[in-house]
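Colleague: Could you take me through this model step by step, with the reasoning behind each answer?

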Amino acid sequence: MDYRRAKLSGASYFFTLVTEQRRPLLIKNIDRLRLAFRRVRNKYPFRIDAIVILPEHLHTIWTLPDGDSDYAHRWMQIKRNFSSGLDFMPSTPSQLAKREKGIWQRRFWEHYIRDEQDWQQHLNYIHFNPVKHGHVDRVSDWPYSSFHRLVKQGWYSNDWGTAVSADVMNLELE
């Protein structure tokens, strides 16, 4: 299948990746996931502008280097590195034929960041996600997020994003 994806070199993109059947694998394998990202970034550089990791999915904004638009290869490598060594078996004939373990959903959601407002909206969406899904009442309570780094850099106040904060209650993307 030929998916229409924006592929602009040096651009920023918002991504969502989900585990197969939304299995809660990511937090309990957080070190494995971090290692997968590190290995791929060492070989195929990109900047992680923001990220949040939840038990069964993650959201992130990446900026690719100038002259490079191949985020799909990076995701393939991250998925492969994460999955390597995990004891899962394909659950469908299709997964078996494609040599998949059934750990990840096949595809990912990608969105080209068009401008500063779009970037800020996705940044807020990423960081508010643990509150949205009921994991915590305050964004600052979720440890698997770039929010803490951005607080240190002065982009957010530490009390931003509570379950009742009016400024983030309408965070919805496309």
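Colleague: How many nonpolar, polar and charged residues does the lining of the second largest pocket have by class?

Modeller: Please keep in mind that this is a predicted model. The second largest pocket holds about 270 Å³ of space, and 14 residues line it. Sorted by class, that lining has eight nonpolar, three polar and three charged residues.

Colleague: Which helix gives the most to the lining of the second largest pocket?

Modeller: Among the lining residues, Arg34, Phe37, Ile48, Ile51 and Ile53 lie nearest the centre of this pocket. Helix H1 (30-43) and strand E2 each supply at least two residues of the lining. The element that gives the most, with seven residues, is H1.

Colleague: Strand E2 (residues 47-53) runs antiparallel to a strand to which six bridges join it; which strand is that?

Modeller: Two of the pairings can be followed residue by residue, since Ile48 stands opposite Trp62, while Ala50 has Ile61 as its bridge partner. The two strands also form a hairpin, with three residues between them, and E2 itself is mostly covered, six of its seven residues being buried. The strand that six bridges join to E2 is E3.

Colleague: Which residue in E3 does Phe15 stand opposite?

Modeller: Strand E1 (residues 12-18) is joined to E3 by seven bridges, and the two strands run antiparallel. Within E3, the residue that Phe15 stands opposite is Thr60.

Colleague: Why is strand E3 (residues 57-63) said to be largely enclosed by the rest of the structure, and how many of its residues are buried?

Modeller: A residue counts as buried when its relative accessible area is under 20%, and we can apply that test to each face of the strand in turn. On one side His57, His59, Ile61 and Thr63 are buried, and on the other side Leu58, Thr60 and Trp62 are buried as well, which leaves both faces of E3 covered. The strand is therefore largely enclosed by the rest of the structure, because the number of its residues that are buried is seven of the seven.

Definitions and conventions: Residues are numbered from 1 along each chain as its sequence is written. This is a predicted model: local features need pLDDT of at least 70, side-chain atom pairs count only at pLDDT 80 or more; totals for chains, interfaces and linings use all residues. Side-chain values use heavy atoms; hydrogens and water are left out. Buried means under 20% relative accessible area, exposed over 50%, partly exposed in between (1.4 Å probe, protein chains only). Helices (H or I, at least four residues) and strands (E, at least two) are DSSP runs, numbered from the N terminus. Two strands pair if DSSP finds at least two bridges between them. On a 1 Å grid over the protein atoms alone, a cavity is a set of points where a 1.4 Å probe fits but cannot get out, and a pocket is an open set with protein on both sides within 12 Å along at least five of seven lines; lining residues have an atom within 4 Å of a point. Grid points are joined across faces, edges and corners, and a volume is the space filled by probe spheres set on the points. Ala, Val, Leu, Ile, Met, Phe, Trp, Tyr, Cys and Pro count as nonpolar, Asp, Glu, Lys and Arg as charged, and the others, Gly among them, as polar.
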